[in-house]
Amino acid sequence: TVIEGSHPTVSGSLMMSPGSPGSTAVQALIVVDSPDPETVIERLQPFAALAPLANQSVQMVPYAALLEIPPKGDQHGRGEPRSHSGLVRHLSADVAGVLSDLLAAESSFILSIRSAGGAAANLPAEATAYGWRDANFVIALLGGRGHQVTRRWAELVPLLEGMYLSFETDTGPDVVARAFPPGHLQRLRALKAVWDPTGLFRDNFYIAPEHEPADYDSAAGAA
């Protein structure tokens, strides 16, 4: 993909949501870490050639300003959000095919694809609890209910490697097993046995201490 071959200062995210039958709303946010406007424009050019653009703009702002989106009107959100996430090395034809089927589901949700890697890939995979440092993309689903969405996300899971924990609301031993490489999970369970043997900290993924059965489940989640 274009973003995989981009300069390390370039990152981005693609937000998609099913619209009326046969249509999908798409918004892209591409970030270039450079104070030079000419460099920014140069590194954005490959993306401008991918598809017709609508309402595009280029702004020179500090990184913190990307998160300072002013709310429009009052917030009336209710209920607990539901989300799933996973990591992939490449947006292969198989992955793209399942995502396309997912966007055709009759439900309301936001599907995002965010670039990963970058500086995170500079550390060895075993350096920290986050072990999926060769992943180039984070795929996340926010919202979406019903059999169609559940089934089509389940078809995507075998193509994923790990996940971004803060975007996953499912819990249980099988989810924890997908979240960490086996060696990382074993190290975390050993640390849990030393520092939290009673399982006091259990939000949002429960990692059983080494002395407990690995399939120990908790209704509350994890540490």
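Colleague: Which exposed residues does the face of helix 1 turned away from its buried side carry?

Modeller: Glu38 and Glu42 sit on that face. Bear in mind that this is a predicted model.

Colleague: And what makes the buried residues of helix 1 lie on the same side?

Modeller: The buried ones are Thr39, Val40, Leu44 and Phe47. They cover an arc of only 120° around the axis, so they share one side of helix 1. Their cover includes strand 1 (10-18) and strand 2 (24-32).

Colleague: How do you know what span to expect for helix 1 (residues 37-48)?

Modeller: The expected span is 1.5 Å times one less than the number of residues. Helix 1 has 12 residues, and the expectation is 16 Å. From first C-alpha to last, helix 1 reaches 16 Å, close to that value.

Colleague: Nice. Now, why is valine 194 called exposed?

Modeller: Exposed means over 50% relative accessible area. Valine 194, in helix 5 (residues 182-195), has 59% relative accessibility, so it counts as exposed.

Colleague: Which residues form a nonpolar patch on the surface with Val194?

Modeller: Leu191 and Trp195 join Val194 there, and together the three have about 400 Å² of accessible area.

Colleague: One last residue: why does phenylalanine 205 count as buried?

Modeller: The cut-off for buried is under 20% relative accessible area. Phenylalanine 205 comes in at 3%, and therefore counts as buried. You will find phenylalanine 205 in the segment after helix 5. Between phenylalanine 205 and proline 173 there are 8.7 Å in space, C-alpha to C-alpha, with the two 32 residues apart in sequence.

Notes
Residues numbered from 1 in each chain as written. Predicted model: local features only at pLDDT ≥ 70, side-chain atom pairs only at ≥ 80, totals over all residues. Heavy atoms only, no water. Patch = residues over 30% accessible without salt bridge, like charges linked within 9 Å, V, L, I, M, F, W, Y side chains within 5 Å. Areas by Shrake-Rupley, 256 points an atom, 1.4 Å probe, with all protein chains shown as cover. Salt bridge = Lys/Arg side-chain N within 4 Å of Asp/Glu carboxyl O. Helix = DSSP H or I, 4+ residues; strand = E, 2+ residues; numbered from the N terminus. Buried < 20%, exposed > 50% of the residue type's maximum accessible area, 1.4 Å probe, protein only. Arc of directions from axis to C-beta. Contact = heavy atoms within 4.5 Å.
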